[in-house]
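Here are some notes for a colleague who is coming to this structure without having seen it before. They are set out as numbered points, to be read alongside the sequence and the model.

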Amino acid sequence: MKVCIVNPGRCGGTVVLASLANKLDNFLMIYEITNHKDGLNVLKANQNIIFKYQFLYTLAPLKGADKYIIVDRKDQDAWIYSTYMSAVNYHWHGSLKHTTDRFFNQNDFNIAKDNLLNLYNNYWIPERERLLKEEKTDIIWQEDINITEDVYIDLPSRKKTKLTPVWSPTYKGTYYGLS
């Protein structure tokens with residue numbers, strides 16, 4: 001069985017991936033796919049796999065999984081903020097160790113916001129609707145995820161790592177990532 005968690009990017013799919021991967025026996029977890037070719041190669045695997053597909057990095061639907069789960073955000077400002085902060089601080093998977101090291105520029109942020117909303121509305125929304133209609137996909141809203149226990153992710157390059165709140169200007173709908 002091939003389980004694909006689809007998200008626009010930086011929206012919290014990691015916590016869903018880790019939670020499900022920790023509950024599924026005999027599944028290979030692949031942290032994230034950020035290009036379409038790698039996604040197609042993952043789907044060719046002859047094993048049980050669960051992985052996260054970052055749609056706005058690929059701008060291409062990934063067809064062929066047995067089950068799709070969408071993880072998205074209602075709070076688009078928080079999604080835009082986490083995406084912007086991840087990019088400008090070159091730290092894609094979590095918060096910086098030293099809060100004084102964070103870079104933020106309001107003018108650059110405003111430009112990024114316009115660009116990200118354009119991508120979200122013109123590419124992600126049609127793909128999300130296609131998945132809901134054609135693939136009978138489940139959707140999980142980041143703001144509705146209630147973390148009641150610590151969630152850990154086990155990656156080949158790291159030891160078991162606890163997911164922590166990162167890159168959110170508000171606490172509601174906090175994006176969870178690697179610290």
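**Notes on the model**

1. Leu59 has a relative accessible area of 38% and is therefore partly exposed, a value that lies between the cut-offs of under 20% for buried and over 50% for exposed. This residue sits in the loop between α3 (55-58) and β4 (67-72), and its phi is positive, at about 55°, although Leu59 is not a glycine. Please keep in mind throughout that the model is predicted.

2. Lys136 also deserves a look, since its phi is positive, at about 50°, and Lys136 is not a glycine either. The residue belongs to the loop between α5 and β5 (138-141). Is Lys136 buried or exposed? Its relative accessibility is 64%, so Lys136 counts as exposed, the cut-off for that class being over 50%.

3. For the overall layout, the protein contains five helices and eight strands. Read from the N terminus on, these elements follow the order β-α-β-α-β-α-β-α-α-β-β-β-β, in which the run of four strands at the end may help a new reader to find the way around.

4. Turning to the protein as a whole, 46% of its 179 residues count as buried, while the area that the protein exposes comes to about 9,400 Å², with 50% of it supplied by carbon and sulfur atoms. Where contacts link residues at least 6 apart in sequence, 66% of them join residues at least 24 apart.

5. Which helix holds Thr14? Thr14 is found in helix α1, which covers residues 13-23. Because its relative accessibility is 0%, Thr14 counts as buried, and its side chain is joined to the side chain of Lys52 by a polar contact of 2.5 Å.

6. The packing of helix α4 (residues 76-88) with helix α5 (residues 106-134) can be described in some detail: the angle is about 115°, and the axes are 10 Å apart. The crossing in which α4 passes α5 is right-handed. On the α4 side the residues that meet α5 include Trp79, Ile80 and Tyr84, and on the α5 side those that meet α4 include Phe109, Leu116 and Tyr120. Sorted by class, the residues of this contact are nine nonpolar, two polar and three charged; among those taking part are Gln76 and Asp77 from α4, as well as Asp108 and Lys113 from α5.

Note on methods:
Residues numbered from 1 in each chain as written. Predicted model: local features only at pLDDT ≥ 70, side-chain atom pairs only at ≥ 80, totals over all residues. Heavy atoms only, no water. Helix = DSSP H or I, 4+ residues; strand = E, 2+ residues; numbered from the N terminus. Buried < 20%, exposed > 50% of the residue type's maximum accessible area, 1.4 Å probe, protein only. Polar contact = N/O pair within 3.5 Å; in protein donor to acceptor, adjacent residues only side chain to side chain. Contact = heavy atoms within 4.5 Å. Areas by Shrake-Rupley, 256 points an atom, 1.4 Å probe, with all protein chains shown as cover. Axes fitted to C-alpha atoms, helices over the stretch in contact; angles between N-to-C directions. Left-handed = near helix turned anticlockwise from the far one by under 90°. Nonpolar A, V, L, I, M, F, W, Y, C, P; charged D, E, K, R; others polar.
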